[in-house]
Amino acid sequence: MEYAPLLSRRLGLAGRLVGVIGKPTSDFEKQLPQQNYKAAYVEQEVLFYPFGSEKRVRFALGAGGFAGYYKRNSFDYVSGVSGQVTDYKLASQDGVHAGYLGSLSVEAGLGSQQRWQVGVKSTIQNGIEGVSTLRTHSLTLARRL
């Protein structure tokens, strides 16, 4: 859920409440019990519209931060033979997670009044405990208030 007011022709804000639920996608990790991820975050971004925000198609660069709580059930190690798990040790992590994010987005207004918008966004942010960088891509459907 996002609220994104414009501050000027070239600047805007985007505040979001984000919920994430995930499970492993690899067949190897699916063999392990209790593999999942849950998180809830608050994000705040400043958006820069280099070509202006009044156009039907809007391009934006964003930078900001996030904070929230996560719980990840994973493993310390896993070994296998021919795609079958032979040994593993489960592990859990949870706690507060905060960091930076940057984004690149393109949105297009639909209809004559452009009340509805559709867009795509790519985001980069630091991962849990700062050991990785996460890249996400999303499709957006929005309605102007």
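**Notes on the seven-strand sheet and its side-chain pairs**

The structure holds 9 salt bridges. Keep in mind that this is a predicted model; my points below go from the charged pairs to the sheet, then to the rings and the surface.

1. **Glu2 and Arg16.** Start at the N-terminal end. The side chains of Glu2 and Arg16 come together in a salt bridge, at 2.7 Å from N to O. Glu2 sits in strand 1 and Arg16 in strand 2, 14 residues apart, and the pair links distant parts of the chain. The two ends differ in cover: Glu2 is partly exposed at 40% relative accessible area, whereas Arg16 counts as buried at 12%.

2. **Lys121 and Glu45.** Here the closest N and O atoms of the salt bridge are 3.7 Å apart. With Lys121 in strand 6 and Glu45 in strand 3, the pair ties together parts that are 76 residues apart in sequence. Glu45 is buried, with a relative accessible area of 0%. Lys121 is counted as buried too, at 14% relative accessibility.

3. **Glu107 and Arg58.** This salt bridge spans 2.7 Å, N to O. Glu107 belongs to strand 5 and Arg58 to strand 4, so the contact joins parts of the chain 49 residues apart. Both side-chain owners, Glu107 and Arg58, are buried.

4. **A shared network.** Which residues are joined into one network by salt bridges that share partners? They are Glu2, Arg16, Glu43, Glu45 and Lys121. That puts the pair from point 1, Glu2 and Arg16, in one network with the pair from point 2, Lys121 and Glu45.

5. **Sheet order.** On to the backbone. The 7 strands make an open sheet in the order 1-2-3-4-5-6-7, with antiparallel pairing. At the edges are strand 1 (2-3) and strand 7, each of which pairs on one side only. Strand 1 is held to strand 2 (residues 11-22) by 2 bridges, again antiparallel. If you want a register check there, look at Tyr3: its bridge partner in strand 2 is Gly15.

6. **The strand 5, 6 and 7 end.** Strands 5 and 6 pair antiparallel over 10 bridges, and strands 6 and 7 do so over 11. For register, Gly102 stands opposite Ile124 in strand 6, while Gln125 faces Leu134 in strand 7. The hairpin of strand 5 and strand 6 has 5 residues between the strands, and in this hairpin Gly111 takes a positive phi near 80°.

7. **Aromatic pairs.** How many aromatic pairs are there? The count comes to 2. One is Tyr41 with Phe66, edge-to-face, 5.4 Å centre to centre and 90° between the planes. Tyr41 is in strand 3 (residues 36-48) and Phe66 in strand 4, 25 residues apart, and this pair also links distant parts of the chain. Tyr41 and Phe66 are buried. Then there is Phe51 with Phe59, a tilted pair at 6.0 Å centre to centre, with 45° between the planes. Phe51 is exposed at 54% relative accessible area, and Phe59 is partly exposed at 27%.

8. **Around Leu104.** Leu104 is in strand 5. Is Leu104 buried or partly exposed? With a relative accessible area of 41%, Leu104 is partly exposed. Leaving aside neighbours within four places in sequence, Leu104 touches Phe59, Ala60, Leu61, Val120, Lys121 and Ser122. So two residues from earlier points turn up again as contacts of Leu104: Phe59 and Lys121. The C-alpha atoms of Leu104 and Phe48 are separated by 9.8 Å, although 56 residues lie along the chain from one to the other.

9. **The nonpolar patch.** Last, the surface. Val57, Val106, Leu110, Trp116, Val118, Val120, Leu139 and Leu141 make a nonpolar patch of about 760 Å². Strand 5 (84-110), strand 6 (116-126) and strand 7 (133-143) are the elements that give two or more residues to the patch. Which strand gives the most? Strand 6 does, with 3 residues. Val57, for its part, is placed in strand 4 (residues 57-81). Val120 deserves a second look, since this patch residue is also one of the contacts of Leu104.

How values were computed. Residues numbered from 1 in each chain as written. Predicted model: local features only at pLDDT ≥ 70, side-chain atom pairs only at ≥ 80, totals over all residues. Heavy atoms only, no water. Patch = residues over 30% accessible without salt bridge, like charges linked within 9 Å, V, L, I, M, F, W, Y side chains within 5 Å. Areas by Shrake-Rupley, 256 points an atom, 1.4 Å probe, with all protein chains shown as cover. Salt bridge = Lys/Arg side-chain N within 4 Å of Asp/Glu carboxyl O. Helix = DSSP H or I, 4+ residues; strand = E, 2+ residues; numbered from the N terminus. Buried < 20%, exposed > 50% of the residue type's maximum accessible area, 1.4 Å probe, protein only. Contact = heavy atoms within 4.5 Å. Pairing = 2+ DSSP bridges. Phe/Tyr/Trp six-rings, centres within 6.5 Å; stacked < 30°, edge-to-face > 60°.
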